Amino acid sequence: KKVSIIFCARLLISKGINLFIDLADLFPNYDFHIYGLNDPASSESLTENQISEYIKSRPNIKLNGFKSNPLLLHLEEPSILVVPSIYGEGLPRAIPEAMSLGIPVIASTKACSGLFENDVLFKIDDHKIKSYSNAIKEIDSITERGEISDMLIRAKKYASDNFTEKQIVDQTIDLYMNKE
């Protein structure tokens, strides 16, 4: 089956959209799905013209706009979530969502927010396309060898043990209640 590579974020340079788009050139036989919109209020957002040019020159990129729960659209095919963000944010919600769904994740160390070990996802320490490309190739390799399921099981368990809404709300309330 054809592999889908997924990006879920605003189309900002610091969220890694340019790196994601460049990856599409290295894997022309894969479908690259972008879920998100540009942000006209941000100086680092891709413009509508830039988006059109990128899409026109790369037929394997599918610009899907904003969709609620986009990862659910990719459960019937081999998929990989790529989160190349260097944006100063908290945890991108798509990471534990993908882990819960059994979708392998490649994410920047910055996006991981210090919450994940390498045994549940592929963490990238630099912002180089070669590192992301190598991680995609590694996922392909361990999938072909039938070795990906152990990692996906660990990732799913880690997400369910640490990222339910109740756990997050309880931890947030504890944090505020104990802060004086």
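**Two helices and two cores**

Hi everyone, let me start with a pair of helices: H3 and H6 sit oblique to each other, because the angle between them is about 125 degrees, which falls outside the ranges for roughly perpendicular, 65 to 115, and roughly antiparallel, over 145. Please keep in mind that this is a predicted model.

H3 covers residues 94-101, and its axis runs 7 Å from that of H6. As for handedness, the crossing of these two helices is left-handed.

So who meets whom there? On the H3 side we have Pro96, Met99 and Ser100, and on the H6 side Ala155, Lys156, Tyr158 and Ala159. Sorted by class, that contact comes to five nonpolar residues, one polar and one charged.

Now to the interior. The largest nonpolar core holds 31 residues, and Ile5, Phe32 and Ile106 have the most contacts inside it. Several elements give two or more residues to this core: the strands are S1 (4-8), S2 (31-35), S4 (79-83) and S6 (122-124), and the helices are H1 (17-26), H5 (129-144) and H6 (148-162). Which of them gives the most? That is H1, with six residues.

Ile5 deserves a closer look, friends. Setting aside neighbours within four places in sequence, Ile5 is in contact with Phe20, Tyr30, Asp31, Phe32, His33, Ile80, Val82 and Ile136.

There is also a second, separate core, this one of 20 residues, including Ile6, Ala98, Phe116 and Ala159. Ala159 may sound familiar: we met that residue on the H6 side of the contact with H3.

That's my tour, thanks for listening!

Technical notes: Residues are numbered from 1 along each chain as its sequence is written. This is a predicted model: local features need pLDDT of at least 70, side-chain atom pairs count only at pLDDT 80 or more; totals for chains, interfaces and linings use all residues. Side-chain values use heavy atoms; hydrogens and water are left out. A nonpolar core is a set of buried Ala, Val, Leu, Ile, Met, Phe, Trp, Tyr and Cys residues joined through side-chain atoms within 4.5 Å. Buried means under 20% relative accessible area, exposed over 50%, partly exposed in between (1.4 Å probe, protein chains only). Helices (H or I, at least four residues) and strands (E, at least two) are DSSP runs, numbered from the N terminus. Contact means heavy atoms within 4.5 Å. Axes are lines fitted to C-alpha atoms, for helices over the stretch in contact, and angles run from 0 to 180 degrees between N-to-C directions. Angles under 35 degrees count as roughly parallel, over 145 as roughly antiparallel, 65 to 115 as roughly perpendicular and the rest as oblique. A crossing is left-handed if the near helix is turned anticlockwise from the far one by less than a right angle, and right-handed if clockwise. Ala, Val, Leu, Ile, Met, Phe, Trp, Tyr, Cys and Pro count as nonpolar, Asp, Glu, Lys and Arg as charged, and the others, Gly among them, as polar.
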